Amino acid sequence: MAHSVTLIPGDGIGPELTEATRRVLESTGVAFDWDVQEAGADVMDEHGGNPLPEHVLDSIIRNGVALKGPITTPVGTGFRSVNVTLRKTLDLYGQVRPCKSYRGVRSRYEDVDLIVVREATEDLYAGIEYEQGSDEARELIEWIGAHGGTVRPDSGISIKPISVTGTRRIVEFAFDYARRNGRRKVTAVHKANIMKFSDGLWLHVAREVAEQNTDIEFEDRIVDNLCMQLVQRPEEYDVLVLPNLYGDIVSDLCAGLVGGLGIAPGANFGTKAAVFEPTHGSAPKYAGQNKANPMAMMLSGVLMLRHLDEMEAADRLEAAIAEVIAEGKSVTYDMKPTRDDPTAVGTSEVADAIIEKLGAPVA
Ligand code: NAD
């Protein structure tokens with residue numbers, strides 16, 4: 001039976017990457033029933049200036065799975081980022097970013113194979129902020145003063161909520177993800193020595209969840225120490241689970257360990273749906289030039305195949321991508337030794353090469 005999947009081409013380089021990814025996914029032999037939905041800056045005028053129309057969200061909820069190209073965040077339109085709206089509306093609380101070394105990618109490290117699991121609804125990203133000089137900031141500073149704290153009167157304030165509920169579900173998610181994907185260890189990351197009531201709670205709850213999941217090894221690390229150790233010995237880590245802000249920073253650090261944005265896939269899991277998309281943005285300067293690297297989006301497609309329980313097809317597609325990277329011939333400019341290398345190929349030629357490796361006819 002065909003898998004019903006919402007396909008959002010996005011804008012900028014999104015549509016060409018999405019087309020290349022759709023072609024390689026179909027070449028695995030898995031059947032898809034694509035529900036193509038337009039979103040982003042190019043269609044916002046047709047929808048009252050809204051870059052994420054309601055019917056797109058309805059489609060994702062109906063299908064439960066979406067593959068999404070990057071979408072430009074229009075500046076100064078009063079609309080929130082499409083990605084933030086998606087995350088909030090679909091309650092996409094678990095962001096997963098695998099960071100894996102592929103032979104042939106220029107990087108300082110070999111054999112990195114990490115999964116970063118980031119909580120995506122709480123922490124300093126909750127959007128609860130009080131502007132310096134506002135009545136609310138003044139009131140809050142007075143309240144804090146009356147309850148034993150001191151905040152300078154000319155401060156702006158961002159609140160960092162971390163709940164038992166939010167922590168429990170993301171740490172449970174990390175253990176489930178580890179189990180489903182044959183991983184051996186979960187590391188909970190925090191700064192509990194300084195922030196006792198937010199990160200301290202996180203650590204306490206993580207330890208409780210670990211006690212229910214003794215088939216998988218568990219440890220914790222303070223975030224600054226973790227950053228140093230990731231740079232020195234990344235092979236010691238397996239699945240990392242982090243609150244929102246540390247997760248954002250550490251996932252970029254890990255993407256850097258394995259060669260950067262061109263091959264960094266992503267997945268967002270929630271209570272209503274799962275959305276698969278590359279880590280990078282819409283790179284508007286390369287839009288429509290058949291130039292951008294489609295591999296991060298294709299690897300996001302590999303994650304989607306695994307989510308759909310198409311394990312064998314996922315392994316074959318990942319192996320085909322890895323082979324093309326290792327050969328270094330049919331790759332885009334960013335994977336060549338120099339950025340002006342004349343042997344670089346375009347987005348669609350990368351897809352052709354991968355389809356050939358899959359043994360499927362190039363359409
Ligand atoms: P970006 O990721 O688009 O670009 C950063 C750099 O990486 C640029 O030099 C770009 O050319 C290069 N790059 C990115 N993807 C590439 C690829 N596949 N192949 C080759 N080179 C690639 O980040 P940005 O410039 O900060 O953002 C551009 C727009 O994308 C913004 O509007 C931003 O809000 C949006 N954005 C969207 C998402 C998303 O939809 N999930 C994520 C991040 C940024």
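How are helix 1 and helix 9 oriented to each other? The legends below take this pair first.

The model is predicted: local features need pLDDT of at least 70, side-chain atom pairs count only at pLDDT 80 or more, and totals for chains, interfaces and linings use all residues. Residues are numbered from 1 along each chain as its sequence is written, and side-chain values use heavy atoms, with hydrogens and water left out.

**Figure 1. Packing of helix 1 (residues 14–27) and helix 9 (residues 295–307).** Helices (H or I, at least four residues) and strands (E, at least two) are DSSP runs, numbered from the N terminus. The two axes come within 9 Å and cross at roughly 45°; axes are lines fitted to C-alpha atoms, for helices over the stretch in contact, and angles run from 0 to 180 degrees between N-to-C directions. Helix 1 and helix 9 are therefore oblique to each other (under 35 degrees is roughly parallel, over 145 roughly antiparallel, 65 to 115 roughly perpendicular, the rest oblique). In helix 1, L17, T18, A20, T21, V24 and L25 meet M297, M298, G301, M304 and L305 of helix 9 (contact means heavy atoms within 4.5 Å). This contact of helix 1 with helix 9 has 8 nonpolar, 3 polar and no charged residues; Ala, Val, Leu, Ile, Met, Phe, Trp, Tyr, Cys and Pro count as nonpolar, Asp, Glu, Lys and Arg as charged, and the others, Gly among them, as polar.

**Figure 2. Packing of helix 5 (residues 164–180) and helix 6 (residues 199–211).** The axes are 9 Å apart, at an angle of about 45°, which makes helix 5 oblique to helix 6. Helix 5 contributes residues including I170, V171 and F175, and helix 6 residues including W202, V205 and V209. By class, the contact of helix 5 with helix 6 divides into 10 nonpolar, 1 polar and 3 charged residues.

**Figure 3. The open sheet of 10 strands.** The strand order is 2-1-3-12-11-4-5-10-8-9, with mixed pairing (two strands pair if DSSP finds at least two bridges between them). Strand 2 (32–36) and strand 9 (217–222) stand at the edges with a single partner strand each, so one side of each is left without a neighbour in the sheet. The twist averages 25° from one strand to the next.

**Figure 4. Surroundings of N63 in helix 2 (residues 54–63).** The side chains of N63 and D35 are joined by a polar contact of 3.4 Å (a pair of N or O atoms within 3.5 Å; within protein, one must be able to donate a hydrogen and the other to accept it, and residues adjacent in sequence count only if both atoms are side-chain atoms). Not counting residues up to four places away in sequence, N63 touches S4, V5, T6 and D35. T6 stands opposite D35 in strand 2.
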